[in-house]
Amino acid sequence: MDFLWAALANDDTEQRKQIDMELQKMPSRVSGLRVPVGGDSVGLWLMLALTFVTGVVDAVGFLGLDRVFTGNMTGNIVILGMGIAGADELPVLGPGVALVAFAAGAFLSGLLLRNTAPGWQPRTTTLLGIGGVVLAVLVGVFLVLGEDPAPNVKVVIAACIATVMGEQAAVARRLAIKDMTTVVVTSTLTSLAGETFVVGGWRAVWNRRFGAIVIIFLGAVVGALLLRVHIAVPLSIAAVLTLAVAALGHRHLHAAPGSAQR
């Protein structure tokens, strides 16, 4: 994966110069193609780490918690609709509760961040820290109850993870790092194909939009593989990464709030 990181962070190539010339002719919304370097890249890498976490916990939710997406709410809406229609014995309670929990997490985080200055603030650290702790507690729950707890317990666990993901999505939205929602790749894929490729063609493949798609894919792969060991293992990875993002963001971005928004 080193070649991908280098391509995402490199801002001095001839390809970059050619694309930048084209970007000047395009609407400002396409400027998200540009990848920050140096200290400004910290926010990008942290959001990519949270995107990886989303892939991991979605694998846990769908494969280990009765086909419930804990980060991808579009998937839950579709499953809920098909479940209500009685198709393929799809669950209704789990996806429905996860939707409400995700919205609740986003709502509460939005309230806490509403009056804060732009960029990384102490409340940003607190919210992500709480999310990491919740995931760590769920690891303990699985270690105590085993890999296959009662169905109602699974619903509660999925709801807790969805709340954390809603909180994470609200934090990412507040930080406003371009193309880094951490939970949605449909719009990212649309931007990649409809804007990035239009501007730079296939030469523009290696950029943050493509990186976000690859990272959430890898998170799902890793989550599914680690589930074969124990469901607590991928959740442990998600908890550690979330706590690490909270700590690193507070250390590197809190002193310069505006730097996380480029």
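1. A good place to start is Lys154, which sits in helix H7, a helix covering residues 151-175. Please keep in mind throughout that this is a predicted model. Lys154 has a relative accessibility of 15%. Because buried means under 20% relative accessible area, Lys154 counts as buried.

2. Which residue does the side chain of Lys154 meet in a salt bridge? The partner is Asp148, and the N to O distance is 2.6 Å. The same pair of side chains, Lys154 and Asp148, also appears as a polar contact at 2.6 Å. Opposite charges on side chains can pair when the charged atoms come close. The count of salt bridges comes to one, so you will find the pair quickly if you look around the beginning of your tour, at Lys154 and Asp148.

3. Is Asp148 buried or exposed? Asp148 is exposed, with 60% relative accessible area, whereas its partner Lys154 is buried at 15%. The salt bridge therefore joins a buried lysine to an exposed aspartate.

4. Do look at the surroundings of Lys154 as well. Apart from residues within four places in sequence, Lys154 is in contact with Gly64, Leu65, Asp148 and Pro149. Gly64 belongs to helix H3, residues 41-64, and both Gly64 and Lys154 take part in the contact between H3 and H7.

5. That brings us to the packing of two helices, which is described by the angle between their axes and the distance between those axes. For H3 and H7, the axes come within 11 Å and cross at roughly 160 degrees. This makes H3 roughly antiparallel to H7. The crossing of the two helices is left-handed. On the H3 side the contact is made by Met47, Leu50, Val53, Thr54, Val57 and Gly64, while H7 contributes Lys154, Ile161, Met165, Gln168, Ala172 and Leu175.

6. Staying with H3, have a look at Val60, which lies in this helix. Val60 is buried, with a relative accessible area of 0%. Leaving out residues up to four places away in sequence, Val60 touches Leu65, Leu227, Ile231, Pro234 and Leu235. How far apart are the C-alpha atoms of Val60 and Pro234? They are separated by 7.3 Å, although their positions lie 174 residues apart along the chain.

7. The loop between H3 and H4 deserves a glance for its backbone. Asp66 is found in this loop, and Arg67 has its place there too. Asp66 is not a glycine, yet its phi is positive, at about 60 degrees. Arg67, also not a glycine, has a positive phi of about 60 degrees as well. Asp66 counts as partly exposed at 44% relative accessibility, and Arg67 counts as partly exposed at 25%.

8. After the loop comes a second helix pair, H4 (residues 73-84) and H5 (residues 93-113). These two pack at an angle of about 145 degrees, with their axes 9 Å apart, and their crossing is left-handed. The contact involves Met73, Asn76, Ile77, Ile79 and Leu80 from H4, together with Pro95, Gly96, Ala98, Leu99 and Phe102 from H5.

9. Gly83 lies in H4 and is buried, with a relative accessible area of 11%. Which residues does Gly83 contact, leaving aside its neighbours within four places in sequence? They are Leu90, Pro91 and Val92. From Gly83 to Leu93 the separation is 10 residues in sequence and 9.2 Å in space, C-alpha to C-alpha.

10. In H5, the residue to visit is Ser109. Ser109 counts as buried, at 1% relative accessibility. Not counting residues up to four places away in sequence, Ser109 touches Leu127, Glu167 and Ala170.

11. Finally, step back to the whole chain. How many helices and strands does the protein have? There are 10 helices and zero strands, so the elements run α-α-α-α-α-α-α-α-α-α from the N terminus on. Of the 262 residues, 48% are buried. Among contacts with a separation of 6 or more, 73% are between residues 24 or more positions apart.

Key. Residues numbered from 1 in each chain as written. Predicted model: local features only at pLDDT ≥ 70, side-chain atom pairs only at ≥ 80, totals over all residues. Heavy atoms only, no water. Salt bridge = Lys/Arg side-chain N within 4 Å of Asp/Glu carboxyl O. Buried < 20%, exposed > 50% of the residue type's maximum accessible area, 1.4 Å probe, protein only. Helix = DSSP H or I, 4+ residues; strand = E, 2+ residues; numbered from the N terminus. Polar contact = N/O pair within 3.5 Å; in protein donor to acceptor, adjacent residues only side chain to side chain. Contact = heavy atoms within 4.5 Å. Axes fitted to C-alpha atoms, helices over the stretch in contact; angles between N-to-C directions. Parallel < 35°, antiparallel > 145°, perpendicular 65-115°, else oblique. Left-handed = near helix turned anticlockwise from the far one by under 90°.
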